[in-house]
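Got the viewer open? Keep the selection box handy, and we'll hop from one stop to the next.

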Amino acid sequence: MLAAHNPNNNHLLAALPTAEFERLAPRLEEVALPLGEMLYEPGGQLQSAYFPTTAVVSLHYVMKSGASAESAGVGNEGVVGVSLFMGGDTTPSSAVVQIAGHAYRLEARLLKEEFNRAGLMQHLLLRYTQALITQMAQTAACNRHHTVEQQLCRWLLLTVDRAPSQEVIVTQELVASMLGVRREGITEAAGRLQQAGFISYRRGHIAVLDRSGLEARACECYTVVKKELSRLLSDVQYRQGISTVVR
């Protein structure tokens with residue numbers, strides 16, 4: 001099995017103790033997620049949860065006018081489908097693949113059964129959900145109060161943190177849609193970051209060349225989101241084959 005396609009490359013799955021992981025492992029289905037694939041539609045019944053390993057999924061809302069904005073992103077740190085174990089089977093947002101890659105799919109019924117065992121899986125999923133709520137709240141504040149350049153820096157840093165490399169394949173149109181801004185604003189902001197030597201951009205490929213420079217240009221929102229996720233999962237001990245959480 002290729003390392004990139006190992007379920008232990010998803011942080012939540014890697015944190016499960018052996019007994020819980022072995023119970024789920026035969027039911028985990030490896031799936032390829034191409035760019036732009038819609039995993040959930042607004043109001044649709046959720047049939048499965050997805051644990052990304054190399055893919056990054058965007059949770060976003062689409063207005064009646066067609067305008068949209070991302071509320072959060074999910075990569076190898078989490079799971080797509082928190083509504084399944086939080087008491088609802090539908091969501092008003094959509095889930096769309098923003099960075100192509102792989103994930104492990106788990107049937108909704110099986111995720112609920114595992115959650116209801118009240119073991120470490122439940123413990124991890126609830127902590128992750130709190131981190132996701134923080135990300136959504138911080139994104140809303142960032143989109144309201146910070147510049148397009150700051151938002152772009154935040155988005156790029158969070159994206160490459162989840163991606164297997166420092167280069168992502170994404171168009172300016174897609175980034176503008178996720179941030180809820182005009183494409184021209186992304187073009188100008190990306191141009192300034194490229195001139196500063198922080199990124200390179202060509203034909204839908206954005207490579208991060210200087211993380212420290214991007215972090216200096218970004219607003220505090222990036223750090224808030226990263227620190228909260230780290231705080232909530234700070235007692236997770238990752239390993240080869242075995243992980244435990246100290247309560």
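**Stop one: the β8-β10-β9 sheet**

Start by selecting strand β10 (residues 205-208) together with β8: three bridges join the two, and they run antiparallel. Within that pairing, Glu 167 has Ala 207 of β10 as its bridge partner. Before going on, note that this is a predicted model, where local features need pLDDT of at least 70, side-chain atom pairs count only at pLDDT 80 or more, and totals for chains, interfaces and linings use all residues. Residues are numbered from 1 along each chain as its sequence is written, and side-chain values use heavy atoms, with hydrogens and water left out.

Now add β9 to the selection. The three strands make an open sheet in the order β8-β10-β9, with antiparallel pairing. β8 (167-169) and β9 (199-202) are the edge strands, each pairing on one side only. From one strand to the next, the twist averages 15 degrees. As for terms, strands are DSSP runs of E with at least two residues, helices are runs of H or I with at least four, and both are numbered from the N terminus; two strands pair if DSSP finds at least two bridges between them.

Next, click on Arg 203, in the loop between β9 and β10. Its phi is near 45 degrees, a positive value in a residue other than glycine. Most residues other than glycine have a negative phi. Arg 203 is exposed, with a relative accessible area of 82% (exposed is over 50%, buried under 20%, partly exposed in between, using a 1.4 Å probe and protein chains only).

**Stop two: α6 and α7**

Select residues 172-179, helix α6, where Gln 172, Val 175, Ala 176, Met 178 and Leu 179 are buried. Why do they sit on the same side of α6? They cover an arc of only 165 degrees around the axis, the arc being that of the directions from the helix axis to the C-beta atoms. Just past α6 comes Gly 180, with a positive phi near 70 degrees.

Add helix α7 (residues 183-195). The axes of α6 and α7 come within 8 Å and cross at roughly 110 degrees; these axes are lines fitted to C-alpha atoms, for helices over the stretch in contact, and angles run from 0 to 180 degrees between N-to-C directions. The two helices are therefore roughly perpendicular to each other, a label for angles of 65 to 115 degrees. To inspect the contact (heavy atoms within 4.5 Å), show Gln 172, Glu 173, Val 175, Ala 176 and Leu 179 in α6, which meet Arg 183, Ile 186, Thr 187 and Ala 190 in α7.

**Stop three: α3 and its cover**

Jump to helix α3 (residues 108-116) and colour its buried residues: Ala 108, Leu 110, Leu 111, Glu 114 and Phe 115. They cover an arc of only 165 degrees around the axis, which puts them on the same side of α3. Switch on α2 (18-24), β3 (48-52), β7 (101-107) and α4 (120-145), which are among what covers these buried residues.

Then pick Ala 118, in the loop between α3 and α4. Here phi is near 60 degrees, positive in a residue other than glycine. Ala 118 counts as partly exposed, at 46% relative accessibility.

**Stop four: β6**

Last selection: strand β6 (residues 94-99), where six of its six residues are buried. Strand β4 (residues 56-62) pairs with β6 in the antiparallel sense over five bridges, and Leu 59 stands opposite Ala 95 in β6. Strand β2 (residues 38-40) also pairs with β6 in the antiparallel sense, over two bridges. For Tyr 40, the bridge partner in β6 is Ala 95.

How values were computed. Parallel < 35°, antiparallel > 145°, perpendicular 65-115°, else oblique.
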